[in-house]
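Student: I would like to go through the labels used for this model and see what each one rests on.

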Amino acid sequence: MKMILFFGAPGVGKGTQAKIVSSKLNLPHISTGDILREAITKKSWLGIKAKETMNRGELVPDDIMTHLIDDVLKDPKCKKGFILDGYPRSVHQAEVLQTIVDVISDDPLIVISLVADVDIIVDRLSQRRMCKACGNIVNLNFLKNSLKCPSCGSIDTFIKRKDDEEDVIKNRLEIFEKTTSPVLHYYKEHDNIYEIDATLPVNEITKKILEIVT
Ligand code: ADP
Ligand code: AMP
């Protein structure tokens, strides 16, 4: 079973890489942020609970996240493995994940840590847009004022996430430093952690990841 985990600050490029690697390895991309955003769109119980917290850039409470991750990773669609993006975000969540992994597989997690300086991360978050027609994530810096989605061709369908506004970005980065970055020390006690320079072009990062995981 191949269990790959992308770790790093918000905006460092986890989702971008997880999506590409997921399609190359034919493994499900499990993004807790995407699952929560979908729940908000559907106005489900989970979405109603999570919405305000997410819009403030804070972490959704652990009890909710524990149920969510346990359900998703034990689903038959994850039986060959998964690519996890956005979980764990605290040492407690890393411990919960380890408990689940111990139940479902004898294989170790492969942790890919993506690293970039804070100024690059702030720039990526403020320039991030999502195509509301196909869900594709783009960086405005690369679109050269074009309003056309490079993935589906729709025009003027880009939207900005509420938590990518300047004041919320600041909050999210503070929470990352305080609560999420200690997860790295947790994983450094394991053998399977690999650090990658996230300032490289997307395809170069993908190449490095595939060298590690295949
Ligand atoms: P995360 O999932 O870690 O929050 P994303 O994958 O959504 O981050 O990426 C954040 C923004 O940075 C997006 O606009 C994305 O297009 C852009 N991006 C991702 N990887 C790179 C890269 N290697 N170089 C430049 N921009 C990137
Ligand atoms: P992301 O798409 O990964 O940037 O996540 C967006 C938001 O969803 C985060 O800022 C949190 O509010 C919430 N979220 C996603 N994953 C988690 C998690 N593992 N624990 C708590 N909250 C989360």
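Student: What makes the backbone of Glu58 a polar contact of ligand 2?

Tutor: This is a predicted model. In it, a backbone N or O atom of Glu58 lies 2.5 Å from an oxygen atom of ligand 2. The cut-off for a pair of N or O atoms is 3.5 Å, so the pair counts as a polar contact.

Student: Which backbone atoms lie at such distances from a nitrogen atom of ligand 2?

Tutor: A polar backbone atom of Val60 is 3.0 Å from a nitrogen atom of the ligand. For Gly86, a backbone N or O atom is 2.9 Å from a nitrogen atom of ligand 2. As for cover, the protein takes up 96% of the 480 Å² of accessible area that ligand 2 has on its own.

Student: Which helix gives the most to the shell around ligand 2?

Tutor: Helix H2, residues 32-42, with 4 residues. The shell divides into 6 nonpolar, 4 polar and 6 charged residues.

Student: Why is Lys43 called exposed?

Tutor: Its relative accessible area is 66%. Exposed means over 50%, so Lys43 is exposed. Lys43 sits in the loop between H2 and helix H3 (45-55), and its phi is near 55°, a positive value in a residue other than glycine.

Student: What makes Asn145 exposed?

Tutor: Asn145 has a relative accessible area of 78%. That value is over 50%, therefore Asn145 is exposed. The phi of Asn145 is near 65°, again positive in a residue other than glycine.

How values were computed:
Residues numbered from 1 in each chain as written. Chains lettered and ligands numbered in written order. Predicted model: local features only at pLDDT ≥ 70, side-chain atom pairs only at ≥ 80, totals over all residues. Heavy atoms only, no water. Polar contact = N/O pair within 3.5 Å; in protein donor to acceptor, adjacent residues only side chain to side chain. Areas by Shrake-Rupley, 256 points an atom, 1.4 Å probe, with all protein chains shown as cover. Helix = DSSP H or I, 4+ residues; strand = E, 2+ residues; numbered from the N terminus. Nonpolar A, V, L, I, M, F, W, Y, C, P; charged D, E, K, R; others polar. Buried < 20%, exposed > 50% of the residue type's maximum accessible area, 1.4 Å probe, protein only.
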